[in-house]
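Trainee: Before I rely on any contact between charged side chains, I would like to go through the reasoning behind the terms with you.

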Amino acid sequence: MTARWLSLLVLPLLACSSSPKTSTGRTERETDSVIGQSQIPGATVVKKALDASDSSRNRIAAQDSIAATP
């Protein structure tokens, strides 16, 4: 019972403390981009997810710049 509670406390802390770079020295975004350009199954889905993320980021940046303009 105590081990269960301990794991409920420790696992979220481990998940939050992950490094922004992978073991290869690349960021997760760079790794996903390489995967999206490859010929492996599912690569097109990764590329579409990156494109959607870029579109969302660009839209938010445009809204922020409009809001900042007096």
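Mentor: Let us begin with exposure: a residue is buried under 20% relative accessible area, exposed over 50%, and partly exposed in between (1.4 Å probe, protein chains only). This is a predicted model, in which local features need pLDDT of at least 70, side-chain atom pairs count only at pLDDT 80 or more, and totals for chains, interfaces and linings use all residues. Residues are numbered from 1 along each chain as its sequence is written, and side-chain values use heavy atoms, with hydrogens and water left out.

Trainee: What makes Asp54 partly exposed?

Mentor: Its relative accessible area is 24%, which lies between the 20% and 50% limits, so Asp54 counts as partly exposed.

Trainee: Why is the contact of Asp54 with Arg29 called a salt bridge?

Mentor: The term requires a side-chain nitrogen of Lys or Arg within 4 Å of a carboxyl oxygen of Asp or Glu; the closest N and O atoms of Asp54 and Arg29 are 2.7 Å apart, so the pair qualifies. Asp54 lies in helix α3 and Arg29 in helix α2 (residues 28-37), so the salt bridge ties together parts that are 25 residues apart in sequence; helices here are DSSP runs (H or I, at least four residues), numbered from the N terminus.

Trainee: How do you know that Arg57 belongs with Arg29 and Asp54 in one network?

Mentor: The side chains of Arg57 and Asp54 also meet in a salt bridge, at 3.5 Å from N to O, and salt bridges that share partners join Arg29, Asp54 and Arg57 into one network.

Terms used. Helix = DSSP H or I, 4+ residues; strand = E, 2+ residues; numbered from the N terminus.
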